[in-house]
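Biologist: I would like to learn how to read the features of a model, one at a time. Where should we begin?

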Amino acid sequence: MQHLRIVSTLKSRSLISIPVAGNFGLPANVTEIVANVTIVGSTALLTLIVALRRAWGPLAALRDRRVLTSTVIAALALATNWTLYVWCVTHGRVVDAALGYLLSPIGMVAAGALVLHEHLRPWQRGALGLAFASVVVLAFGYGQPPVFAVLIAASWTLYGVMKKRTSFDALTGL
C-alpha cells in the first residue's frame, strides 16, 4: 500500500503545480493541461491503482444504463470543473477559482436538500444561510460578477450529485 500513497502524493502535487506553473509563463494552454495532466494522467494512474488492487469487479455496474449515464455526466462535469479551474488560474482569475470552491459546499448542501431530498435541521439551514451571505459579501467585495465562481461551483455540485447516484466507492468512481 505504501507505493499507492507515493503515487497518489505525486499525482496530487502535479495536479496543483501544473496549473500554477502555467501562470508563470510556461508554454501550455488550458486544453493541454487538462487533457494531458488530468484526463490522461488520471486515467493512467487510476487504472494502475485499480489493477494493483485487483478491483475490477465494481466496474461491472457500468452495464446498467442508469449507472453508465450518471458516470458519464459526472465525468463531463468533473472535466468541465477542471477546465474552468485551470482557465481561471492561467488567466489571472484566481479569486474566481477560490470563490468557486468556497461556493461548492453550499451548492452540495443545497443539492442534497433539493435534489436528493435530504432533511436539513433549522440550525443547519441557518448555517447554510450564513455561509451563503458570506459568499455574497465576498463576491460584492470582488467588484465583478462571479460568473466563473458560479460555474465552478455548479460543475462540482453536478459531479457530486451524479456520483451519489452510483454505487461506486471513491476510487472506482473516479
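Modeller: Let us begin with empty space. A cavity is a set of grid points where a 1.4 Å probe fits but cannot get out, and its volume is the space filled by probe spheres set on those points. This is a predicted model, and its largest cavity has a volume of about 30 Å³.

Biologist: What is the idea behind using a probe? And how many cavities of 30 Å³ or more does the structure hold?

Modeller: Rolling a probe the size of a water molecule over the atoms shows where empty space is left. In this structure there is one cavity of 30 Å³ or more.

Biologist: Which residues line the largest cavity?

Modeller: The lining consists of Ser 70, Thr 71, Ala 74, Met 162, Lys 163, Thr 166 and Gly 173. By class, two are nonpolar, four are polar and one is charged. Helix H3 (65-90) and helix H6 (147-164) each supply at least two lining residues, and H3 gives the largest share, three residues.

Biologist: Let us step back to the fold. Which elements does the protein chain have?

Modeller: The protein chain has seven helices and zero strands, so from the N terminus the order reads α-α-α-α-α-α-α. Of its 174 residues, 32% count as buried. Of the contacts between residues at least 6 apart in sequence, 79% join residues at least 24 apart.

Biologist: How do I check the length of a helix, taking H4 as the case?

Modeller: The expected span of a helix is 1.5 Å times one less than its number of residues. H4 has 21 residues and should therefore span 30 Å, and its end C-alpha atoms are indeed 30 Å apart. H5 also has 21 residues, and its reach of 30 Å from first C-alpha to last is close to the expected 30 Å. For H6, with 18 residues, the reach is 26 Å, close to the 26 Å expected.

Biologist: Where does H4 bend?

Modeller: The bend is at Leu 103 and amounts to about 30°. A proline, Pro 105, follows within four residues.

Biologist: Next, burial. Is Ser 104 buried or exposed?

Modeller: A residue is buried when its relative accessible area is under 20%. Ser 104, found in helix H4 (residues 94-114), has 4% relative accessibility and therefore counts as buried. Leaving aside neighbours within four places in sequence, Ser 104 is in contact with Ile 152, Ala 153, Trp 156 and Thr 157.

Biologist: Which other helices do the buried residues of H4 pack against?

Modeller: They pack against H3, helix H5 (122-142) and H6. Among the buried residues of H4 are Asp 96, Leu 99, Gly 100, Leu 103 and Ile 106. On the H6 side, the buried residues include Phe 148, Ile 152, Ala 153, Thr 157 and Gly 160. What covers the buried residues of H6 includes H3, H4 and helix H7 (170-173).

Biologist: What does Trp 156 touch, not counting residues up to four places away in sequence?

Modeller: Trp 156, in helix H6, touches Leu 78, Asn 81, Ser 104 and Met 108. With a relative accessible area of 28%, Trp 156 is classed as partly exposed. Its C-alpha atom is separated by 9.0 Å from that of Pro 105, although the two residues are 51 apart along the chain.

Biologist: And how far is Met 108 from Thr 157, C-alpha to C-alpha — what is the figure?

Modeller: The figure is 5.2 Å, for two residues 49 apart in sequence. Met 108 lies in helix H4 and is partly exposed, at a relative accessible area of 32%. Beyond four places in sequence, Met 108 touches Trp 156, Thr 157 and Gly 160.

Biologist: Last, backbone angles. What sign of phi do most residues have?

Modeller: Most residues other than glycine have a negative phi. His 117 has a positive phi of about 60° although it is not a glycine. His 117 lies in the loop between H4 and H5 and is exposed, with a relative accessible area of 67%. Just after H5, Gly 143 takes a positive phi of about 95°.

Definitions and conventions
Residues are numbered from 1 along each chain as its sequence is written. This is a predicted model: local features need pLDDT of at least 70, side-chain atom pairs count only at pLDDT 80 or more; totals for chains, interfaces and linings use all residues. Side-chain values use heavy atoms; hydrogens and water are left out. On a 1 Å grid over the protein atoms alone, a cavity is a set of points where a 1.4 Å probe fits but cannot get out, and a pocket is an open set with protein on both sides within 12 Å along at least five of seven lines; lining residues have an atom within 4 Å of a point. Ala, Val, Leu, Ile, Met, Phe, Trp, Tyr, Cys and Pro count as nonpolar, Asp, Glu, Lys and Arg as charged, and the others, Gly among them, as polar. Buried means under 20% relative accessible area, exposed over 50%, partly exposed in between (1.4 Å probe, protein chains only). Contact means heavy atoms within 4.5 Å. The bend at a residue is the angle between axes fitted to the seven residues ending there and the seven starting there.
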